[in-house]
Amino acid sequence: MSVLLALAGGGALADKADRNQPLVIEANKPGTVDMQKQLVVFNGDVVVTQGTMRIKAERMELREVGEGHRTATALGVPGTQATFRQKREGLDEYIEGTADRIDYDSRSDLLKLTGNAHVRRLRGSTVADEITGNLITYDNRAELFSVAGDNASGGRVRAVLTPPPSASGPAR
């Protein structure tokens, strides 16, 4: 079963300024930077930041794919999933997610969360929307989530959507 879901309210993308910020990688264990293969691999509580975007994982593999674009694969370990968080442009909102594996492609601005995936939209610090499934794909440009369940468990997915805050308050 697959469900497509556009975020409620507004056409605000992830913070555009992030794309022009330096990419910073930190880890607890030694890493490798292979200039010929254009591959960077780090292990041990890896944290990658670029502006407001932050990805945390036990293992991170980054590849240069040309024209300044990168792909990244973040892998968790049993008991600790990989995480993603990024601010939405012009809003006090964040998109954050967790999964066993997170793949990111900067060229298509696509994020794929695989294995016990969970994505939330936060308004300030309040959870506004939540999506869970085995596979969640987030197209940042279109602000479109696609969620699919695990066929072994019957393909169940779940979305909880909160109405946008009313400017005039509750109806009477």
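1. Is Phe 145 buried or exposed? The model is predicted, and in it Phe 145 has a relative accessibility of 2%, so the residue counts as buried.

2. Phe 145 has an aromatic partner. Its ring pairs with that of Tyr 138 in a stacked arrangement, with 4.4 Å from centre to centre and 10° between the planes. The count of aromatic pairs comes to one. Tyr 138 counts as buried too, because its relative accessibility is 4%, and buried means under 20%.

3. A second site to look at is Glu 96, which belongs to strand β8, spanning residues 93–99. With a relative accessibility of 16%, Glu 96 also counts as buried, since the cut-off for that label is under 20%.

4. Which side chains make polar contacts with the side chain of Glu 96? One is the side chain of Arg 85, at 2.7 Å. Another is the side chain of Arg 120, at 2.2 Å.

5. Leaving aside residues up to four places away in sequence, Glu 96 touches Phe 84, Arg 85, His 118, Val 119, Arg 120 and Leu 122. Both arginines from the previous point, Arg 85 and Arg 120, appear in this list.

6. Arg 85 has a further interaction to note. Its charged end sits over the ring of Tyr 94, at 3.9 Å from the ring centre. Arg 85 thus has a polar contact with Glu 96 through its side chain and a placement over the ring of Tyr 94 through its charged end.

Terms used:
Residues numbered from 1 in each chain as written. Predicted model: local features only at pLDDT ≥ 70, side-chain atom pairs only at ≥ 80, totals over all residues. Heavy atoms only, no water. Helix = DSSP H or I, 4+ residues; strand = E, 2+ residues; numbered from the N terminus. Buried < 20%, exposed > 50% of the residue type's maximum accessible area, 1.4 Å probe, protein only. Polar contact = N/O pair within 3.5 Å; in protein donor to acceptor, adjacent residues only side chain to side chain. Contact = heavy atoms within 4.5 Å. Phe/Tyr/Trp six-rings, centres within 6.5 Å; stacked < 30°, edge-to-face > 60°. Lys NZ or Arg CZ within 6 Å of the ring centre and 35° of its normal.
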